[in-house]
Amino acid sequence: MRYRAGERANTAPASPPGVANMRPAAITFDLDDTLLDQAGLSRAIANVCGALAAAGGLDADRLLAANAAAWGDYWPSVESAWVSGSLDRRTLVSEAWGRTLRACGVVDASLVELAIAVEREELRSAYRLFDDARPAVAAARADGCAVALVTNGESATQREKIDVLGIEGWFDAIVVSGEVGAGKPDPAPFCAALAALGAAPADAWHIGDSLRSDVAGANAAGLTSVWLNRRAVERVAGDPVPDREVVSLDGLSAAAPPGPRG
């Protein structure tokens, strides 16, 4: 297991004013759709389809529709393997683009290789932090909290995101599910992060956007769950219940409980 724990790096973001009254000893943050804004990913995939269309004499719109259908069919069968680290990114992406091309009547290994290469570069260019990410992590550190990143995914994929974003030095520990063999909502990644931080679950918050992964996992591991609900989604019966809810990371100081779990 690779935890990036130890001395707090000098590369952490400077602390801004405004986020106060945070009292946990430790805070763990989710990555995708919490700190990392993935709004540019759809454009990245469209650009891959454009490159394939130009190289193979294909229709870009048809490729785009076929790719969406391919992922819709393929992803549910492999999500758990990717999260646990038993499925690597190249295998995942190769199969998805192979299915995409076959749906358009094409079997061409060279086009699959082109798609893999172009997608990686397009995604690297698309990775962006939400505007509130840096101030939130800085405020937590300024308040004396140990901070960790707990993210679901295959190791190389998630580590590349962290590297491109330049945020490794923000955290006292980084836990990638693919490196511990289990992903959120399993308690294992949270337990690994807390062990690296030397913190107890009762003294820690976890902040993430997913009810299924972040909230359910934090609840199971005994952390205070803070649901980042950027899109003002309404929970429905049976959804995991967060201890706190915020609409942005700027709102952590005012994270109010929605009511008792149940």
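Start by selecting Lys 184 in this predicted model. Lys 184 is buried, with a relative accessible area of 5%. Now add Asp 214 to the selection: its relative accessibility is 2%, so Asp 214 counts as buried too. Show the side chains of both residues and you will find a salt bridge, 2.8 Å from N to O. This pair links distant parts of the chain, 30 residues apart. Lys 184 sits in the loop between α7 and α8 (188–197), while Asp 214 belongs to helix α9 (residues 211–221).

Which residues are linked with Asp 30 in a network of salt bridges? Select Asp 30 along with the pair you already have: Asp 30, Lys 184 and Asp 214 make up the network.

Before leaving Lys 184, follow the backbone to Pro 185. The peptide bond between Lys 184 and Pro 185 is cis, with omega at about 20°. Most peptide bonds are trans. Pro 185 is also placed in the loop between α7 and α8.

**On to helix α6**

Next, pick Glu 179 and Arg 159. Their salt bridge has its closest N and O atoms 2.9 Å apart. Glu 179 lies in helix α7 (residues 177–180) and Arg 159 in helix α6, so this pair ties together parts that are 20 residues apart in sequence. Are these two residues buried or exposed? Both Glu 179 and Arg 159 are buried.

Now move to Glu 160, which is in helix α6 (residues 155–165). The side chain of Glu 160 meets that of Arg 120 in a salt bridge of 2.5 Å, N to O. Arg 120 is found in helix α4 (residues 109–126), and the two partners are 40 residues apart. Colour this pair by accessibility to see a contrast: Glu 160 counts as buried at 12%, whereas Arg 120, at 43%, counts as partly exposed. If you would like to hunt for others, the count comes to 13 salt bridges.

**Into the nonpolar core**

Hide the charged side chains and select Phe 29, Leu 31, Leu 35, Leu 149 and Phe 171. The largest nonpolar core has 31 residues, and these five touch the most other members. Then highlight helix α5 (residues 133–142), which gives the most to this core, with four residues.

Centre the view on Leu 35. What is Leu 35 in contact with, leaving aside its neighbours within four places in sequence? Its partners include Phe 29, Leu 129, Phe 130, Val 137, Leu 149, Phe 171 and Leu 249. Asp 30 and Arg 128 are among the contacts of Leu 35 as well.

A second, separate core can be found by selecting Leu 52, Leu 63, Val 106 and Ile 116, which are among its 17 residues.

**Two backbone stops**

Most residues other than glycine have a negative phi. Your last two selections have positive values.

Go first to Asp 33, where phi is near 70°. Asp 33 lies in the loop between β1 (26–29) and β2 (36–37). With a relative accessible area of 23%, Asp 33 is partly exposed.

Finish at Ala 232, where phi is near 55°, again a positive value in a residue other than glycine. Look for Ala 232 in the loop between β7 (224–228) and β8 (244–246). Ala 232 counts as exposed, at 57% relative accessibility.

Methods:
Residues are numbered from 1 along each chain as its sequence is written. This is a predicted model: local features need pLDDT of at least 70, side-chain atom pairs count only at pLDDT 80 or more; totals for chains, interfaces and linings use all residues. Side-chain values use heavy atoms; hydrogens and water are left out. A salt bridge is a side-chain nitrogen of Lys or Arg within 4 Å of a carboxyl oxygen of Asp or Glu. Buried means under 20% relative accessible area, exposed over 50%, partly exposed in between (1.4 Å probe, protein chains only). A nonpolar core is a set of buried Ala, Val, Leu, Ile, Met, Phe, Trp, Tyr and Cys residues joined through side-chain atoms within 4.5 Å. Contact means heavy atoms within 4.5 Å.
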